[in-house]
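Here's a quick briefing on how the helices sit together in this one. Have a look at the model first, then read on.

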Amino acid sequence: MTHAPDGGSLIPTGSGVIDAEHGAILDLLSAMTAGGPFGLAELTALRREVAGHFATETAEMAVLTVERRGRHEHAHRNYLASIDALIGTAERGDPPTADDANRLMLWFIVHSNTADTELVEATRRAGDEPPMISMDDWLDSLDEADRDALRS
């Protein structure tokens, strides 16, 4: 497990790509919650990393139900909006607070340990499904077997 400075932990999802991206985001958030000053540059870097990560996850979401995919994408949009609001605050010269950084960290850990873990598991299950054959292909294969039997 990857541990956040406040005692929270990221559960590995089982996807090397997603877990690596989670680690990079956690590093940025950890620096922001370490108590030192942070501002526009750190928030902009976080937003860029998070947006790229969410794009990775969106590519994996095809296996989710439409409703579940919609909720996951909605959560992503809200998180990005939170970061954007803090960027706007920093652009106006108001420094973000430690509470702001802690809220970003908490959301990220909870989301990663629940929705993202579910996403990776759903992707894994979808990959384990047996291949489907169409009814037409199956019937054609029976006809071929009958024709082969008549030729013998």
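**Helix α3 and its neighbours**

Helix α3 covers residues 66-91, and at 1.5 Å a residue (times one less than the number of residues) its 26 residues should span 38 Å; the end C-alpha atoms are 37 Å apart, which agrees. Keep in mind that this is a predicted model, where local features need pLDDT of at least 70, side-chain atom pairs count only at pLDDT 80 or more, and totals for chains, interfaces and linings use all residues. Numbering starts from 1 along each chain as its sequence is written, and side-chain values use heavy atoms, with hydrogens and water left out.

**More on α3**
- Buried residues (under 20% relative accessible area, 1.4 Å probe, protein chains only) in α3 include His72, Tyr79, Ile83 and Ile87.
- Right after α3 comes Gly93, with a positive phi near 95°.

**α2 against α3**
- The axes (lines fitted to C-alpha atoms over the stretch in contact) come within 9 Å and cross at roughly 165°.
- That makes α2 roughly antiparallel to α3 (over 145 degrees between N-to-C directions).
- Contacts (heavy atoms within 4.5 Å) involve, among them, Leu43, Val50 and Phe54 of α2 and His76, Leu80 and Ile83 of α3.
- By type, the contact residues split into twelve nonpolar, four polar and five charged.

**α1 against α2**
- Helix α1 (residues 16-33) packs on helix α2 (residues 40-60) at about 160°, with axes 10 Å apart.
- So these two are roughly antiparallel as well.
- Ile18, Ile25 and Leu29 of α1 are among the contact residues, as are Leu46 and His53 of α2.

Terms used: Axes are lines fitted to C-alpha atoms, for helices over the stretch in contact, and angles run from 0 to 180 degrees between N-to-C directions. Helices (H or I, at least four residues) and strands (E, at least two) are DSSP runs, numbered from the N terminus. Angles under 35 degrees count as roughly parallel, over 145 as roughly antiparallel, 65 to 115 as roughly perpendicular and the rest as oblique. Buried means under 20% relative accessible area, exposed over 50%, partly exposed in between (1.4 Å probe, protein chains only). Ala, Val, Leu, Ile, Met, Phe, Trp, Tyr, Cys and Pro count as nonpolar, Asp, Glu, Lys and Arg as charged, and the others, Gly among them, as polar.
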